[in-house]
Amino acid sequence: MNLFCCVIFFCNSILLNLITVEVSRFVMHDNSLGEIIRSLRKKAHLSQEDLADGICSAVSISRIENGTQMPSGTVLEALLGRLGTSTYQLCDIYYRSEKQLAFEQESETVSRAVAEGNIEEAKKGLIRLEENAGTDALNLQCFLMLDASVKLAEGDDPEKILRILYQSLAQTKPSFNFEDFRNDLLSAREANILNIIVAVLYHSGEAPRAIRLGEELITSLNRHKSGLKEYQIIKINLAFNLAQCLEKEHRYKEAFTYIQMAEELSLGSFEQALLPEIEFGKAKLYHLLGDDRECTAILKAIVPYMELVRKTEFAGIVRSYAEKELGIT
C-alpha cells in the first residue's frame, strides 16, 4: 500500500520521501552580475563572509557585487553552487526561450503529479519532457530525476531506478565520489538526487550504504550554510529518512537524534508539511526506547490533527499502531 502525503510514501513499512525541489526563478532585467550575486545571496540569507568562506575573500565578494571586480570562472561556479544555482541558470536569467519555459512548466506539473500520487498523469508529462529535454545537461538531469521518482512510486526494480539516478547525477557531476563529498558544493537538485538514492538503497536492502550516503550528504548540506528553502526541505526529508533507516537497523538512539534534527529543522524553517509524520516517527522511537508515556502523548495529539487536515488514511495507520503496540483505542 502506498500512502502519498505531500511527496512521501510508505514502502515495506518504512516511510521514505520523494522530493522534487522546484528550481527558483529570478526575473531580472538589465541587471549586472554583481547585482544578481547580491540578490541571490540575500535570498539565501548569507552574509558576504558566509558566501566567501573557502572560496575567496569577503572583500572580493563586496567588489564583485559593486561591479569593481570580475570573478574567475572557477570562483563564479563555486559561488553560484553555494547559492544553489549555476552559470547556466545565471545566463538563463537573461535569456529564456519559450521551449525552455515550457520544459520547466512541464517539469513542475510532473513534480506536482508525483507529489499528489497521480502517477498516470506524471507518466504522460514525462513523455513530453523527454521530447523537449534535448541535449541540455540540466534538462536531462531533471527529466531523469523525475523518471526515477515515478518508477520508485510505482515500485519498479530498485537497480533500474539507481541506474537512472546515477545517470541523472552524472549530468553535472560525471566523476562524483560517493564515499567522500562533504566538501563538494551541491546544487539543490544534486542534493535531491542523492537523497532519493538514499531511499532507493534502503528499499533495495542496502541499509548500511543508505546510512553512510545519507550521513555524508547531511554533512555536506550543513557545510553549505544556505538559507534557501530548497536546501532546508531536503535536510528535513534526509534527516527523517535516516531516522527511519536507523530504526529498521535497531539503532534507536541514533535514529532518535535524526528524528529530533528533522523536527527542529521543520519547526525552525516553518516547513511543516512533514511534521505529523516526523512526530509519528518520534513516537515510535519513544516506544522502542521504553518511554510509552511520551509515545502515548504524541499519538493522542497527532491523530485528531491528521483527521482535521483530511489525512484520514494516515490517521488510520497511526490509530492502528496505537492500538496494536500500546492498547490505545
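At 67% relative accessibility, Leu-308 counts as exposed, and this residue makes a convenient starting point for a tour of the predicted model. Leu-308 belongs to helix H15. Together with Tyr-305 and Val-309, Leu-308 makes a nonpolar surface patch of about 300 Å².

From this patch, attention turns to the charged side chains. Side chains of opposite charge can pair when their charged atoms come close. In this model the count comes to 15 salt bridges, and several of them are worth a closer look. One is formed by Glu-277 and Lys-311, whose side chains meet with an N to O distance of 3.8 Å. Glu-277 lies in helix H14 (residues 275–288), while Lys-311 is in the loop between helix H15 (292–308) and helix H16 (312–326), so the pair ties together parts that are 34 residues apart in sequence. Glu-277 has a relative accessible area of 1%, a value under the 20% limit, and therefore counts as buried.

Helix H14 offers two further points of interest. His-287 lies in this helix and, at 19% relative accessibility, His-287 counts as buried because the limit for that class is 20%. Leaving aside neighbours within four places in sequence, the contacts of His-287 are Asp-292, Cys-295, Tyr-321, Glu-325 and Leu-326. The other point concerns a charge and a ring: the charged end of Lys-284 sits over the ring of Phe-280, at 5.0 Å from the ring centre.

A second salt bridge brings the reader to the helices H1 and H3. The side chains of Arg-38 and Glu-65 meet here, with 3.7 Å from N to O. This pair links distant parts of the chain, with Arg-38 in helix H1 (residues 33–43) and Glu-65 in helix H3 (residues 58–66), 27 residues apart. The two partners can be set side by side in terms of accessibility: Arg-38 is partly exposed at 23%, whereas Glu-65 is buried with a relative accessible area of 3%. The pair is also part of a network of salt bridges, in which Arg-38, Arg-41 and Glu-65 are linked.

The surroundings of Glu-65 fill in this picture. Not counting residues up to four places away in sequence, Glu-65 touches Gly-34, Glu-35, Ile-37, Arg-38, Arg-41 and Gln-48. Both arginines of the salt-bridge network, Arg-38 and Arg-41, thus appear in this list of contacts. As for Ile-36, its C-alpha lies 8.0 Å from that of Glu-65, with the two residues 29 positions apart in sequence.

A third salt bridge joins residues that are both partly exposed. Arg-251 pairs with Glu-254, and their closest N and O atoms are 2.8 Å apart. The relative accessible area is 31% for Arg-251 and 36% for Glu-254, and each residue is accordingly classed as partly exposed.

Another glutamate, Glu-106, is placed in helix H6 (residues 98–116). With 15% relative accessibility, Glu-106 counts as buried. Its contacts, once neighbours within four places in sequence are set aside, are Gly-125, Arg-128 and Leu-129.

The aromatic side chains complete the account. Six aromatic pairs are counted in the model. One of them, formed by Tyr-166 and Phe-178, is edge-to-face, with 5.3 Å from centre to centre and 75 degrees between the planes. This pair, too, links distant parts of the chain: Tyr-166 is in helix H9 (residues 158–170), Phe-178 is in the loop between H9 and helix H10 (188–203), and twelve residues separate them. Tyr-166 is partly exposed, with a relative accessible area of 29%, and Phe-178 is likewise partly exposed, at 28%. In the pair of Phe-176 and Phe-181, the ring centres are 4.9 Å apart and the planes stand at 40 degrees, so the pair is tilted. Both of these phenylalanines are buried. Ring pairs link Tyr-166, Phe-176, Phe-178 and Phe-181 into a cluster, which brings together the partly exposed Tyr-166 and Phe-178 with the buried Phe-176 and Phe-181.

Note on methods. Residues are numbered from 1 along each chain as its sequence is written. This is a predicted model: local features need pLDDT of at least 70, side-chain atom pairs count only at pLDDT 80 or more; totals for chains, interfaces and linings use all residues. Side-chain values use heavy atoms; hydrogens and water are left out. A salt bridge is a side-chain nitrogen of Lys or Arg within 4 Å of a carboxyl oxygen of Asp or Glu. Helices (H or I, at least four residues) and strands (E, at least two) are DSSP runs, numbered from the N terminus. Buried means under 20% relative accessible area, exposed over 50%, partly exposed in between (1.4 Å probe, protein chains only). Contact means heavy atoms within 4.5 Å. Rings of Phe, Tyr and Trp (its six-membered ring) pair if their centres lie within 6.5 Å; planes under 30 degrees apart count as stacked, over 60 as edge-to-face and the rest as tilted. A charge sits over a ring if NZ of Lys or CZ of Arg is within 6 Å of the ring centre and within 35 degrees of the ring normal. Patches are made of residues with over 30% relative accessible area and no salt bridge: like charges are joined within 9 Å, nonpolar side chains (Val, Leu, Ile, Met, Phe, Trp, Tyr) within 5 Å. Accessible areas come from the Shrake-Rupley method with a 1.4 Å probe; for residues, only the protein chains shown count as cover.
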